[in-house]
Amino acid sequence: GPSDSGGSSKRFSAVLRETHRSNSGSGQLSANGKLSIGQEVTVADYNGTIRYLGTTQFATGKWVGVELEGPFGKNSGSVQDIEYFTCEPMHGVFVREAVVKPRFTTSVNSGNGNTESEQDEHGNKRLSNASLESGTTGMDSDDGEPEMVVERVLTERRKGILAGGVDPSKLAHWQPPLYPKSDEERRQLMDLVRNSHDSKIQILFRCLTAEGFERIVDAVFSKPVDAHEKVIEIGDTGDFLYIVKTGKFDILAKRREDEQLVKVFEACAGYAFGELALLYNAPRSATVVATQASEVWCLDRETFRRLVVQSSQEHFREKCDFLRRCDIFNGLDEEKIAALAEVLEEEDFVTDEAIISQGDRDSKMYILRRGEAAACIKGDRGEVEVMRYGQGGYFGEIALLHNTPRKASVHSLGPSTCFYITQDTFHRLLGHLQDDIKREIGTYRDYAEAITFAHAAPKQPEVDSSPMAKRPTALLVPQSRIRDISFDESVEGDEVMARNAKRVGKSSRSRTLDWSNSQEIAADVEEALRQIQEEEEAEATAAAEAEAEAAASAVAADAAVAAAAAAAATAVETPQNASTQKSEEEPEEIQAGQPSVDRDPSTLAQKVAQDFRRPQLVEPTADFIINRQDFGMFGGLRPGEKFAVNKAIVARGRAKQKCGDSADVVYSWNGPCWLKGCTNIAVLCQKGQKSPDDPTPNQDNYFVLQLDTVGIYGVCDGHGPFGHLVSFRLVQTLPHFLTANKHFGQDWASAMKEAFLSAQQDLLDFGSKHGINLEASGAAGSMLVFDGPCVHIAHIGDAGALVASWNRHQSRLICSTKDHKPQDPEERMRLEAAGSEVREVDPEHFRIYQAGSVFPGLTMSRAFGDTACAGVLQEPSYQKLFMQPEDEFYAIIASDGIWEFIDYEKAVELSAKKLRLKGPIETLGFLTQASRKRWAYCCGDYCDDITAVLIQWNAKDKSDDNYRVTIAAP
């Protein structure tokens, strides 16, 4: 191996280089079609020449060293003081062979005719999704900006590789520095790192052993920083990793080469910066300035490499060793093992938690790393356990191979850890294993066979519980039992719907039945169900009565308000004033010869039916089409919608509609993105049930809009007799006025505020023109804009929004909106000063009325429409959140159909893990089901409309496109 002498290292690498040159031909494809030294190639659309082929000291497997034609790389051909080839600084890069393409095979994008090398509007080359599919992406700089092209699979799990792996021969006599600290300082530092919300900290330090972490704590030292002092300056040589102890720092970088430095992030306590210059031997790519007197912990380059990078490499080798011992991967060579280890994700599960659930639609395959799991199938006689898995066992492959719903549920039998692999990755790396796995699937028994097998078994066969036990080919029932599926709940969040009811765990409701007496099974099941139901009903009686009383009071109040609003609505269009309000755009039949019931409707149902014969009210307006959109979508109106029916879809733009699952519509496209990963968006908008004969359509609506790198998302929650018309208008006007605003892309707070106010004015003009009474009809609204590196949120009313982390190591709520309620002191003061009355109709439940009246009874202090109440505002509350390019964040924007009984913290608890494992649309389905159960328990048959938009940033999907929108089909 290389010694500490730089000259020896260079002589060693020179020998390696000459060896590979002599075996490689003259710069063209070799006879067997493989790459060769001197060959002209492209790496993620960057042109270069192969200078090295073979193994390295910094990582296992074969690597390709490429000299790029421009300064888009990370080194000069040397890694960890070992010279593999020589080139200009920042022109060298090491990648896997699969990433490299011969120059003459550059393909053409079949969708739009552009080659894989794409340019933005400024002529700068950017990574195409074709190159992302082949395994490449932009690595981040210290501020998160793209710095170089490396394998995409390295971006999360193997960042340390490009720093040059740690040479074991140099570790024997090396000792890390030791800086004395008090016990309190050590505790504070450990807590700061362990509880950090910075994803970089989690990635860098999560592989450390307890001993390694202690050595890191010993090796850092504290440094005070004055206000306005520069800690890092762009272009400097990297010497330290910094972790903010106290204070705040602005991180400034260039978005493009010709731009000035701009603020791209704000680092506070617990955040790190400066790591990438250490990882890649590169100059600093950002300037970091203290905005106040601060203090940082400092870790020098040498210690960082020897402790942090070494731990990452050891963790990677452990994963490779595990995969080699799994029977299913016996035939993989070292290159495939290494590639698979790089892309495997990991997840922990608690006792009795569902790893996969029967009927779910997702396509991941799981490999049990630690613990035990059991597969169960539900049927008309309950849920029967059919198989056990030990370490190295795999499951979930049927859905992965056949794109079908899950055929069984798999529950963790204790604390367990699983690796999982996505469908795209499986086909890319393990496609040749499909035939073997399909043959194994052919041996599985179905539900009826499992029941028969269990009845016929006088004695349960023993299960091999030894490590790495082979997957059984026969379906076993080691603890044969039927579970009560009527009361089954997942550990992931399906609590008893009453907010004050006692939670009952899954294991406490299950019953173990004696299979030996099969004649009594049905009776046993019936008796078990009866006993469980009696127990739960007795426990919930008191809580249910209280809830029912409160719900009845609220429903009665709502009914009174609705009746008053309906009376006001039908009184607007009298024969005397209807003629003056008719538009020239209205259909002839409305103006001329309709029956009197249509010209002068006496009921809300008749009024709604009449409105659907007026296209200008219920069809999209051409004036609000945004021509330059990559993709745009909102909900359409249609009459006769029933409970839980999905809203109609209006979609525009260049996105391709793909064939998704039978219940989903999928749109996708490839576009520029500030983030490191993909953006996955899901939408679910379903009709509620306010009464058995509710004539109004779904009054919720939503919008999704993508303009270049800017994403715009929103939800409008309509209310009142014409809430559906209000929300339908708003989902068209809000994006229109925002994109047309002079502050668009520059001053988002002003742009969003003015868009809300312009939408309100348009709504008033629209109502006046078409005879729509807005006294008691309106909408709450929330809008979220992502323009990297910032998330901007503006909202009015009770259509709330949250931003959270879906990262496995730090799932948490980051920020959320606060409803505008009339009981808030500032809101109440404004309303009463304007002449409205705020009354407490139930404990802690307030409504807004006209002075001396019982009308309209509005529950929010800010809303679109709702002209009856003076002082109701349309000026939104605004907040801004900085985001790093690698942050695994997501946002949920939803109507109060979700938020009525699920607060923001609970929503994150229910959704973060689901999102990691199941994806956005399954997560929204799960949240909707959880909401409906709570509505049913608290309000009986009454259920509000439910709408939610979920945006997942930095999704790890590998596909042709980096934007995807999935919506439940109408």
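How many helices and strands does the secondary structure of the protein chain come to? In this predicted model, the chain contains 26 helices and 47 strands. Of its 970 residues, 57% are buried. When contacts between residues at least 6 apart in sequence are considered, 72% are found to join residues at least 24 apart. The exposed area of the protein chain is about 39300 Å², with 49% of it supplied by carbon and sulfur atoms.

One open sheet was examined at the level of its strands. It is built from four strands, which follow the order β13-β18-β15-β16 with antiparallel pairing. The edge positions are taken by β13 (230-232) and β16 (262-267); each has a single partner strand, and therefore one side of each is left without a neighbour in the sheet. From one strand to the next, the twist averages 30°. Within this sheet, β15 (residues 249-253) is paired with β18 (residues 287-290) through four bridges in the antiparallel sense. Phenylalanine 249 has alanine 290, in β18, as its bridge partner.

The interior of the model was also searched for enclosed space. Eight cavities of 30 Å³ or more were counted. The largest cavity holds about 140 Å³ of space. Its lining consists of 16 residues, of which Phe624, Gln629, Phe634, Arg652 and Val731 are the closest to the centre. At least two residues of this lining are supplied by each of three elements, namely the strands β29 (631-636) and β34 (700-707) and the helix α21 (723-740).

Definitions and conventions:
Residues numbered from 1 in each chain as written. Predicted model: local features only at pLDDT ≥ 70, side-chain atom pairs only at ≥ 80, totals over all residues. Heavy atoms only, no water. Pairing = 2+ DSSP bridges. Axes fitted to C-alpha atoms, helices over the stretch in contact; angles between N-to-C directions. Buried < 20%, exposed > 50% of the residue type's maximum accessible area, 1.4 Å probe, protein only. Contact = heavy atoms within 4.5 Å. Areas by Shrake-Rupley, 256 points an atom, 1.4 Å probe, with all protein chains shown as cover. 1 Å grid on protein atoms, 1.4 Å probe; cavity = no way out; pocket = protein on both sides within 12 Å on 5 of 7 lines; lining within 4 Å. Points joined across faces, edges and corners; volume = space filled by probe spheres on them.
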